[in-house]
Amino acid sequence: MAGVSFKIPTVLSADELKDKSFKRAAKISKKGSDALDGKKKTALAKVTASADIVTTTINGYIEKFPRIEKREDFLPELIDLIIGIDQYKRSLGALNWAANRIEKLKNDSLRDIRGTKDASMIESHKNSFYGRMSSYIDRIDKDLLFLQEAKNKFRKLPAVDPKVPTVVVAGFPNVGKSSLVAKMSSATPQIASYPFTTKGIIIGHVKDDWRVFQLIDTPGLLDREFDDRNNIEKQAVLALRYLTDVMVFILDPSETCGYDMKKQNSLLDSVKKNFSGIPIIVAESKSDILKRENDHISFSAETGDGMDKLNEKILSLVRVIFRERAVESEEV
């Protein structure tokens, strides 16, 4: 399944990075034409190896971490919320600074070692290099730790693809959202967790001829009124706006979900306010228990009653999204 997938290596701490570098260098021994030449060649090899291990490792982190720019879109908004883009970019910048300084330090130290004929000075230049490189690594320790935490958070991001048309299902708990996602999806829906919700979001994929779109239930995000949320949850709801192409809001007129219709309609009003401009299909679930006469689509995920009508309504809106994106691609 396409989605948020970043192959980021484990980020070592400053101490771990130094230990990796110095252990590798400690194993190096070179022969020379005489004792001084052997000592010089060994020192040159140790400095080169230890520096290259550090710079290669750091540059590998810089290369593997995704480039994220602030803009109004789902993924950047979500990453900014969960990780913090400004600090993320500062930490990557700090690593780039350290790699450049260590590379320059290596070249300077190699020049000094090559230029001396004093055995004690060879050792002094090598030890000075080790000390200064250690200092540079220590200065980015907090950045390395931050990026390791960021890597762990990247792994927890839900595997949704912002490029694929997305239908988000909303409503109070127990109104039948997850049953709808399971019923409509061509395969068993996958469950992934947002770091700021207590429950995993349910992600299903629906096939419409050769097209595929995402159907998502987001428990913990769209099952309370916006004003009842903390700031992180509010930001998450706002980020979700960039992902949502169509919304299906489910009401349970039987009220067996545990919420009366006054509360359910109030939540619907709150969602409409915060997702303005997004098509919203209002559907009433559990028609096998209670079916009202109104303009809403009634359905039962248990019996299949009304599912064809609801499915066709969703598909009609999603097909419009596909056509619009196809036109945009041709224009580009």
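Guide: A nonpolar core is a set of buried Ala, Val, Leu, Ile, Met, Phe, Trp, Tyr and Cys residues joined through side-chain atoms within 4.5 Å, and what follows applies that term to a predicted model.

Visitor: OK, so which residues touch the most other members in the largest nonpolar core?

Guide: That core has 94 residues, and those touching the most other members are I58, F65, Y88, L180, L222 and I314. Helix α4, residues 85-114, supplies the largest share of this core, with eleven residues.

Visitor: And what is L222 in contact with, leaving aside its neighbours within four places in sequence?

Guide: With those neighbours set aside, L222 is in contact with V168, A170, G171, R229, V237, L240, M247, L267 and F275.

Visitor: Switching to pockets, how much space lies in the second largest pocket?

Guide: The second largest pocket holds about 160 Å³ of space. Twelve residues line this pocket, and P173, N174, K177, S178 and D217 are the closest to its centre. The lining divides into four nonpolar, four polar and four charged residues, while helix α7 (residues 177-184) gives the largest share of it, three residues.

Visitor: What about backbone angles, say phi of D209?

Guide: D209 has a phi near 60°, which is a positive value in a residue other than glycine, whereas most residues other than glycine have a negative phi. D209 sits in the loop between β3 (200-208) and β4 (211-217).

Visitor: Why does D209 count as exposed?

Guide: Because its relative accessibility is 66%, and exposed means over 50%.

Visitor: And where is E255 found?

Guide: E255 lies in the loop between β5 (246-251) and α9 (261-274), with phi near 60°, and is partly exposed at a relative accessible area of 35%.

Definitions and conventions. Residues are numbered from 1 along each chain as its sequence is written. This is a predicted model: local features need pLDDT of at least 70, side-chain atom pairs count only at pLDDT 80 or more; totals for chains, interfaces and linings use all residues. Side-chain values use heavy atoms; hydrogens and water are left out. On a 1 Å grid over the protein atoms alone, a cavity is a set of points where a 1.4 Å probe fits but cannot get out, and a pocket is an open set with protein on both sides within 12 Å along at least five of seven lines; lining residues have an atom within 4 Å of a point. Grid points are joined across faces, edges and corners, and a volume is the space filled by probe spheres set on the points. Helices (H or I, at least four residues) and strands (E, at least two) are DSSP runs, numbered from the N terminus. Ala, Val, Leu, Ile, Met, Phe, Trp, Tyr, Cys and Pro count as nonpolar, Asp, Glu, Lys and Arg as charged, and the others, Gly among them, as polar. Buried means under 20% relative accessible area, exposed over 50%, partly exposed in between (1.4 Å probe, protein chains only). Contact means heavy atoms within 4.5 Å.
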